[in-house]
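The exercises below take a newcomer through one structure, part by part. Each opens with a task and is followed by a solution in steps.

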Amino acid sequence: MIGSSANTSTKADQRVRLYLPSLGVRSNARRVKHLTAIIGLAALILAACDGDQLSSSTTSSGGDAGSTSTLSTGGTGGNAGSAGNAGSAGNAGNAGSSTTSSTQSALDTLLNALRADTSKALLDQANEGGWPAKVEGGYLFVTTNLSLTKVAGDHDNWAGTNLTSDQGFLWIVIQVPNGSRYKFTNLTDWEADPWARSYTYDDFGEMSLVSPETQHFDRFFKIGDAEMEPRTIRILVPAEAPTHVLYTHDGQNLFDPNAFFGGWKIQDSVPPAMLVVGIDNTPARMDEYTHVPDVIGGGSVGGLGDAYADFIEGTIRPLVAEHYGEPPVIGTMGSSLGGLISLHIADRYPGKYAFAASLSGTMGWGSIGNNIHNETIIERYAAHGHQSTVLYIDSGGDGGNCGDTDADGINDDIDQGDNYCENEQLYNVLVSAGYQDNIDLAYVWAPGAQHNEAEWASRVNVPLSIFAGL
Ligand SMILES: [Ca+2]
Ligand SMILES: [Ca+2]
């Protein structure tokens, strides 16, 4: 099972016990019992591909208008030392003015840049100081949705303040207190700022924020490198100074309540002082999240996992450090193929990740297709032996009916087991390699749990708690 979502199913809630061997943790977890027939591998692949494209197109529309440049295009000094995230917007003016004339105001610099190349100016500022931009006299709010002629929010009790029309965009400078909420509007339609650095979710969906000091999300657009396609990076920022940072995959599905099966809603179960970096997937998800190729649907796919791990190391971790000062305890986590790549990242950078967590990980990748057997992560961990990273692995599934149907040494889920059999085999391999329950290994079986975000949301508190304790 390799998808980030399964198809919809009839559901019935019930209470089950999640048993964490040897850690002594027993917790009740809500789970969804699926009553429909087994979904074949091919259907899951299709669901995953569709899901990726859907998620990308619906959640990153704000970024699509921009150019294809990656991170900052100069003037990074504007963010240096902004370890306190809430204050980073306050450096925007410096970043802008340092790259042009020292006599030109930050506002004029930004407006001229918007007039010269609106998309580029929006993206550059979004990834440097962030929108709205701190300028002389307040914050500069900008929209390219010309039908929304007002900005409304806490600053005006949502009455709506008229924007000034310019060359293909609307703008205004107003003074607003830190933590203010806002949207663009014509008093009929309301739109969260697609370029806003900071946002949260409320009953109406996404809500834009100005320099919040409470838990919120930040985002950066079109972050890529020479080998990885640009994608959005979303960051769950805690209210207090973070001590832990968790690099997570399938970022579209982690926070947004409108994601598949309601998403993981990590904000609801995250311990305090944990920064969670959500890295969006792309249509190349199956390549990026796998350490070796496999044969799926008759074609070879996969094997860009090294490049993806290097992208996190060389691009995303520096981005986080620049804006938040990288917290000292570092981990990585994902589900399905995202779980596989989490274990690969920890293995590729030994000693750099204190924690790696996999929920329903696709541990048999490399041996799924007929007549192919590239080194699975099970075999790789067996070969590399005991390492310093604390590992969490889990699965749902029915807990039985495992077998090695093709006699390649990797157990196969004969029925719809949520990768139970592969994870059970990996657990035994890890124990043989010297990992110890309750010391540096946690293995969870959530009986009957299916392969979807609602299930992962229901038990993600377990790996998050273990990580918080490191
Ligand atoms: Ca096989
Ligand atoms: Ca096999």
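**Exercise 1. Helix H7 and its surroundings**

Task: Find what includes the cover of the buried residues of H7, and then state where helix H7 bends.

Solution. Since this is a predicted model, it is useful to begin with the elements themselves. The cover over the buried residues of H7 includes four strands, E13 (216–223), E14 (231–237), E15 (244–249) and E16 (274–279), together with the helices H6 (285–288) and H8 (337–348). The residues of H7 that are buried include Gly305, Tyr308, Phe311, Leu319 and Tyr324. Ile312 is also buried, and at Ile312 the helix, which spans residues 305–324, bends by about 35°. After H7 comes Gly325, which has a positive phi near 65°.

**Exercise 2. Confidence in the model**

Task: State the mean pLDDT of the protein chain, and then say over which residues the pLDDT is below 50.

Solution. The protein chain has a mean pLDDT of 83, and 78% of its residues reach 70 or more. Over residues 4–101, however, the pLDDT is below 50, although this stretch has 204 contacts in the model beyond near neighbours in sequence.

**Exercise 3. An open sheet**

Task: Determine the order of the four strands in the open sheet, and explain which strands stand at its edges.

Solution. The order is E3-E4-E8-E7, and the pairing is antiparallel. Strand E3 (133–135) and E7 each have a single partner strand, so one side of each is left without a neighbour in the sheet, and these two stand at the edges. Helix H4 (residues 106–116) packs on the sheet, where it touches E3, E4 and E8, and its direction makes about 135° with that of E3.

The next step is to follow the pairings. Strand E4 (residues 138–143) is joined to E8 (residues 170–174) by five bridges, and Val142 stands opposite Trp171 in E8. E8 also pairs with E7 (residues 164–165), in the antiparallel sense and over two bridges. Here Thr164 has Trp171 as its bridge partner, while Ser165 stands opposite Leu170. Between the strands of the E7 and E8 hairpin there are four residues, and in this hairpin Gly168 takes a positive phi near 85°.

**Exercise 4. Helix H9 and Arg380**

Task: Work out why the buried residues of H9 line one face of the helix, and then decide whether Arg380 is buried, partly exposed or exposed.

Solution. In helix H9 (residues 377–384), the buried residues are Ile377, Ile378 and Tyr381. Viewed down the axis of H9, they fall within an arc of 110°, and therefore they line one face of the helix. These buried residues pack against H8 and against helix H10 (420–433).

Arg380 also has its place in H9. A residue counts as buried with 20 or more other C-beta atoms within 10 Å, and as exposed with 12 or fewer. Arg380 has 17 such atoms within 10 Å, so Arg380 is partly exposed. Leaving aside neighbours within four places in sequence, Arg380 is in contact with Asp347 and Glu375. Asp347 is 33 residues away from Arg380 along the chain, yet their C-alpha atoms are separated by 8.7 Å. Finally, H9 is followed by Gly385, whose phi is positive, near 75°.

Conventions. Residues numbered from 1 in each chain as written. Chains lettered and ligands numbered in written order. Predicted model: local features only at pLDDT ≥ 70, side-chain atom pairs only at ≥ 80, totals over all residues. Bend = angle between axes of the 7 residues up to and from the residue. Contact = placed C-beta atoms within 7 Å. pLDDT = per-residue confidence, 0-100. Pairing = 2+ DSSP bridges. Arc of directions from axis to C-beta. Axes fitted to C-alpha atoms, helices over the stretch in contact; angles between N-to-C directions.
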